[in-house]
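Q: Please take a close look at one part of this model. I would like one connected account, from a single residue out to the whole chain.

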Amino acid sequence: MAKTEATAPGKIILFGEHAVVYGRPAIAVPVTQVRATAEVEDSAIKGVRLHAPDLGREYWLSEAEENDPFAYVVRVFSVAASLGTLPDLKVTVRSTIPIAGGLGSGAAMAAAVIRALAKHLDITELGANQRVSELTYQVETLLHGTPSGIDNTVVAYEKPVFFIRQRPHNRIETFSISQPLRFLIADTGVESETKLVVGDVRRRWQKDPGKYEKIFDNCGRIVNAAKVEIEGGRIKEIGHLMIENQAYLKEMTVSSPELERLISTALGAGALGAKLSGAGRGGNMIALVTDLQEEKVRSALLSAGAQRVLSSVLTNVLT
Ligand code: MEV
């Protein structure tokens with residue numbers, strides 16, 4: 001039986017998380033070493049069967065809970081495709097992106113499923129990057145409450161993006177990278193739900209808008225400066241800006257003792273910059289390193305308790 005496969009990458013936010021929800025710019029890049037893969041095949045049995053082997057789950061779409069993320073993606077797709085009833089299918093999703101780690105696992109799963117369904121059912125329009133991004137955003141709203149739109153954008157386009165949330169259309173720009181940037185991505189092992197952290201920051205912002213607006217403005221200034229330094233290839237300055245961004249994230253209360261430990265370990269071992277990435281309060285941190293420092297920083301992170309350390313090189317090839 002015909003089988004169709006599609007994938008989407010993980011992501012890291014280099015600069016500007018949280019402030020991006022409030023209209024400030026942010027920079028995110030895909031992490032192609034970890035991916036979500038969706039497979040769609042025709043089925044001889046009536047209905048749509050959902051299979052998530054990583055979670056040990058297999059169930060019918062018609063019996064899935066309303067807020068089940070996998071079922072929600074398929075329903076969003078079905079509405080967008082104006083398909084009253086989907087054909088009989090089996091949809092399987094696998095992922096090497098850690099869940100609840102700030103690496104975009106939910107967005108990548110949604111993007112891969114939407115792309116695979118669009119390909120399999122030959123609905124070209126829904127497989128275009130912009131539509132994949134829009135539909136993934138709808139799913140993210142269920143998962144995250146008030147997402148900025150940056151995660152769905154970076155996983156759907158699979159390119160580094162400079163992003164500003166605005167109406168009627170978000171501003172999405174790519175940028176050039178004159179020096180390859182090498183990042184280590186280290187997992188605290190502490191799961192963190194983006195929806196909860198984003199909701200908590202919102203409550204704090206509502207309670208003290210003056211303080212939070214100032215923090216967000218500072219994050220926005222750092223992101224704009226970081227774009228210039230990335231384009232100019234000034235690696236040391238990029239590292240300083242990461243450290244500055246982390247100070248504001250800490251002030252927002254989204255850091256954690258585990259993140260702080262890995263960040264100071266990376267800096268102590270010679271990383272040029274380090275910060276949390278994504279929603280924070282757990283999940284992953286990123287460290288900017290040179291080729292020479294990479295192994296030293298990696299082993300220091302592992303000794304300090306990192307559950308896993310990935311390496312990702314950002315070059316112009318991606319843009
Ligand atoms: C999550 O990857 C990034 C946040 O800024 C939330 C969002 O932009 O939707 C924390």
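Is Arg298 buried or exposed, and what surrounds it?

A: This is a predicted model. Arg298 is buried, because its relative accessible area is 18% and the cut-off for buried is under 20%. Arg298 sits in helix H10, which covers residues 294-303. Setting aside neighbours within four places in sequence, Arg298 contacts Leu184, Val309 and Ser311.

Now the charges. Side chains of opposite charge can pair when their charged atoms come close. Arg298 belongs to a salt-bridge network. Its other members are Arg182, Asp291, Glu294 and Glu295. One link in detail: Glu294 pairs with Arg182, with the closest N and O atoms 2.8 Å apart. Glu294 is in helix H10 and Arg182 is in strand E8 (residues 181-187), so this salt bridge ties together parts that are 112 residues apart in sequence. Glu294 is buried too, at 8% relative accessible area.

Two further pairs can be set beside this one. Lys11 forms a salt bridge with Asp151, at 3.3 Å between the closest N and O atoms. This pair also links distant parts of the chain: Lys11 lies in strand E1 (residues 3-15), Asp151 in helix H5 (residues 150-157), and they are 140 residues apart. Both ends are covered. Lys11 is buried at 3% relative accessible area, and Asp151 counts as buried at 14%. The other pair is Arg49 and Glu58, whose side chains meet in a salt bridge of 3.2 Å, N to O. Here the setting is more open. Arg49 counts as partly exposed at 21% relative accessibility, and Glu58 counts as partly exposed at 38%.

Next, the whole chain. The count of salt bridges comes to 25. There are 36 positive and 36 negative side chains. The centres of these two sets lie 4 Å apart.

The fold has ten helices and eleven strands. The radius of gyration is 20 Å, close to the 20 Å that the globule rule gives for 319 residues, so the chain is as compact as a globular protein of that length. The C-alpha trace spans about 60 × 40 × 35 Å along its principal axes. Of the 319 residues, 53% count as buried, and Arg298 is one of the buried residues.

Long-range contacts fill out the picture. Among contacts between residues at least 6 apart in sequence, 72% join residues at least 24 apart. At the surface, the chain exposes about 13500 Å², and carbon and sulfur atoms supply 51% of that area.

Key: Residues numbered from 1 in each chain as written. Predicted model: local features only at pLDDT ≥ 70, side-chain atom pairs only at ≥ 80, totals over all residues. Heavy atoms only, no water. Helix = DSSP H or I, 4+ residues; strand = E, 2+ residues; numbered from the N terminus. Buried < 20%, exposed > 50% of the residue type's maximum accessible area, 1.4 Å probe, protein only. Contact = heavy atoms within 4.5 Å. Rg over C-alpha atoms; globule rule 2.2 N^0.38 Å. Areas by Shrake-Rupley, 256 points an atom, 1.4 Å probe, with all protein chains shown as cover. Lys, Arg positive; Asp, Glu negative; His and termini not counted. Charge placed at Lys NZ, Arg CZ, Asp CG, Glu CD. Salt bridge = Lys/Arg side-chain N within 4 Å of Asp/Glu carboxyl O.
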